[in-house]
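Open the model in your viewer and keep the selection box handy. Each stop tells you what to pick and what to look for.

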Amino acid sequence: MKTIFVTGSNRGLGLEFVKQFESNGFKVIAACRNPRLADNLNSIKGNIEVVKLDINSGSDFENISTIYKNENIDILINNAGIIGLNKKMIGEINYEDWKNVFQTNVLGPTMIVEKLLSQIARSQKKLIVSISSKLGSIEENSGGGQYAYRASKAALNAVNKSLSIDLIDKGITSIVISPGWVKTDMGGQNADITVHDSVTQMRRLIESVTINDTGKFFNFDGDIIKW
Ligand code: NAP
């Protein structure tokens with residue numbers, strides 16, 4: 001049985017990843033900041049282990065490394081992320097908020113890769129998936145604004161590219177996927193697609209990628225997004 005580790009799994013896209021991969025026969029390690037308050041996650045039946053992980057907490061990372069020392073992790077989904085204060089224009093930037101956005105969207109996802117690297121390397125699938133955003137594409141930026149969030153997802157894409165080069169000798173595939181504009185707390189109810197549709201298409205993509213895809217920036221539907 002394959003094992004998948006999902007960050008930010010108590011709501012939104014993360015919760016749907018847990019549901020769909022569990023239904024598809026995976027053992028799911030569902031990481032979230034507050035397991036005791038994660039009612040929707042705790043109510044899902046099946047092969048799911050809920051574990052505490054704030055991706056900005058050094059002590060949580062140490063606990064995760066210890067708990068899962070002997071686990072093989074086939075797929076890591078770096079899903080947890082924040083959009084920040086959402087100030088759009090130059091002159092309104094809050095730099096403390098920018099630091100939080102980078103800590104959560106770039107440093108945290110990189111740290112979890114370092115912590116779980118040997119568990120991923122000895123698994124069958126050996127796949128790292130980081131949930132990026134089209135807003136991180138420099139070529140496709142026609143709207144401006146969103147300084148912290150856009151820059152954080154572009155940085156996450158850069159991290160992914162280096163991982164794909166550095167980890168290829170271990171047989172590890174590392175990709176980034178934009179989930180589309182999705183109806184979640186972050187995306188809002190005017191977004192284009194439901195969590196079910198976004199995750200269904202991302203799950204099919206995730207199950208089909210091979211080492212030949214390493215380093216790529218995918219849209220949820222499998223198209224390639226320009227850097
Ligand atoms: P969401 O509904 O706001 O959920 C965000 C998740 O991330 C929550 O589970 C949240 O946990 C978790 N999280 C935030 N900070 C964390 C931290 N420090 N440690 C651990 N978990 C943390 O957002 P979503 O729409 O599902 O977004 C999931 C991913 O997709 C994000 O990376 C986002 O940037 C990306 N994305 C979303 C859209 C969209 O339209 N929705 C578009 C492009 C990209 P708490 O409940 O504890 O806060």
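**Stop 1: Gln146**

Select Gln146. Is Gln146 buried or exposed? The cut-off for buried is under 20% relative accessible area. Gln146 has 12%, so Gln146 is buried. This is a predicted model, and that goes for every stop on the tour. Look along the chain on both sides: Gln146 sits in the loop between strand 5 and helix 5. Now check the backbone. Phi of Gln146 is near 50°, a positive value in a residue other than glycine. Most residues other than glycine have a negative phi.

**Stop 2: Lys126**

Next, select Lys126. Where is Lys126 placed? Lys126 lies in the loop between helix 4 (95–121) and strand 5. Lys126 is not a glycine, yet its phi is positive, about 50°.

**Stop 3: Asp74**

Keep Lys126 on screen and add Asp74. The two touch: leaving out residues up to four places away in sequence, the contacts of Asp74 include Ser123, Gln124, Lys125, Lys126 and Leu127. Met1, Lys2 and Thr3 are also among the contacts of Asp74. Asp74 belongs to the loop between helix 3 (58–67) and strand 4. With 4% relative accessibility, Asp74 counts as buried. Now draw a distance from the C-alpha of Asp74 to the C-alpha of Ile4. The residues are 70 apart along the chain, but these atoms are separated by 5.8 Å.

**Stop 4: Strand 1**

Ile4 leads you to the next selection. Pick residues 3–6, which form strand 1. Which residues cover each side of strand 1? Thr3 and Phe5 are on one side, Ile4 and Val6 on the other, and all are buried.

Add residues 27–32, which are strand 2. Strands 1 and 2 pair in the parallel sense, with four bridges. Find Phe5 and look across to strand 2: Ile29 stands opposite. Then trace the chain from strand 1 through helix 1 (residues 12–23) to strand 2. This β-α-β crossover is right-handed.

Now add residues 75–78, which are strand 4. Strand 4 runs parallel to strand 1, and three bridges join them. Val6 has Ile77 as its bridge partner in strand 4.

**Stop 5: Val18**

Move on to helix 1 and select Val18, one of its residues. Val18 has 0% relative accessibility, so Val18 counts as buried. What does Val18 touch? Setting aside residues up to four places away in sequence, Val18 contacts Val6, Ser9, Val28, Ala30, Leu41, Ile44 and Ile48. You met Val6 in strand 1. Try one long-range distance too: Val18 and Val199 are 181 residues apart along the chain, and their C-alpha atoms are separated by 9.9 Å.

**Stop 6: Strand 6**

Jump to residues 173–178, which are strand 6. How many residues of strand 6 are buried? Six of the six are buried, so strand 6 is largely enclosed by the rest of the structure. Thr173, Ile175 and Ile177 point one way, while Ser174, Val176 and Ser178 point the other way.

Add strand 5, residues 127–131. Strands 5 and 6 run parallel, joined by five bridges. Ile131 stands opposite Ile177. Follow the chain from strand 5 through helix 5 to strand 6; this β-α-β crossover is right-handed.

Now add strand 7, residues 217–219. Strand 7 pairs with strand 6 in the parallel sense, over three bridges. Ile177 has a bridge partner here as well: Phe218. The chain goes from strand 6 through helix 6 (residues 195–208) to strand 7, and this β-α-β crossover is left-handed.

**Stop 7: Asn160**

Select Asn160 in helix 5. Asn160 counts as buried, at 2% relative accessibility. Beyond residues up to four places away in sequence, Asn160 touches Ser174, Ile175, Val176, Gly215 and Lys216.

**Stop 8: The largest pocket**

Finish with a surface view. The largest pocket holds about 1,100 Å³ of space. Which residues should you select to find its centre? Pick Asn79, Gly81, Ile82, Thr184 and Met186, the closest to the centre among the 41 lining residues. Two elements give two or more residues to the lining: helix 1 and helix 5. Helix 1 gives the largest share, three residues. Colour the lining by class to see 16 nonpolar, 18 polar and seven charged residues.

Note on methods. Residues are numbered from 1 along each chain as its sequence is written. This is a predicted model: local features need pLDDT of at least 70, side-chain atom pairs count only at pLDDT 80 or more; totals for chains, interfaces and linings use all residues. Side-chain values use heavy atoms; hydrogens and water are left out. Buried means under 20% relative accessible area, exposed over 50%, partly exposed in between (1.4 Å probe, protein chains only). Two strands pair if DSSP finds at least two bridges between them. A crossover is right-handed if, with the strands pointing away from the viewer, the path from the first strand over the helix to the second runs clockwise. On a 1 Å grid over the protein atoms alone, a cavity is a set of points where a 1.4 Å probe fits but cannot get out, and a pocket is an open set with protein on both sides within 12 Å along at least five of seven lines; lining residues have an atom within 4 Å of a point. Grid points are joined across faces, edges and corners, and a volume is the space filled by probe spheres set on the points. Ala, Val, Leu, Ile, Met, Phe, Trp, Tyr, Cys and Pro count as nonpolar, Asp, Glu, Lys and Arg as charged, and the others, Gly among them, as polar. Contact means heavy atoms within 4.5 Å.
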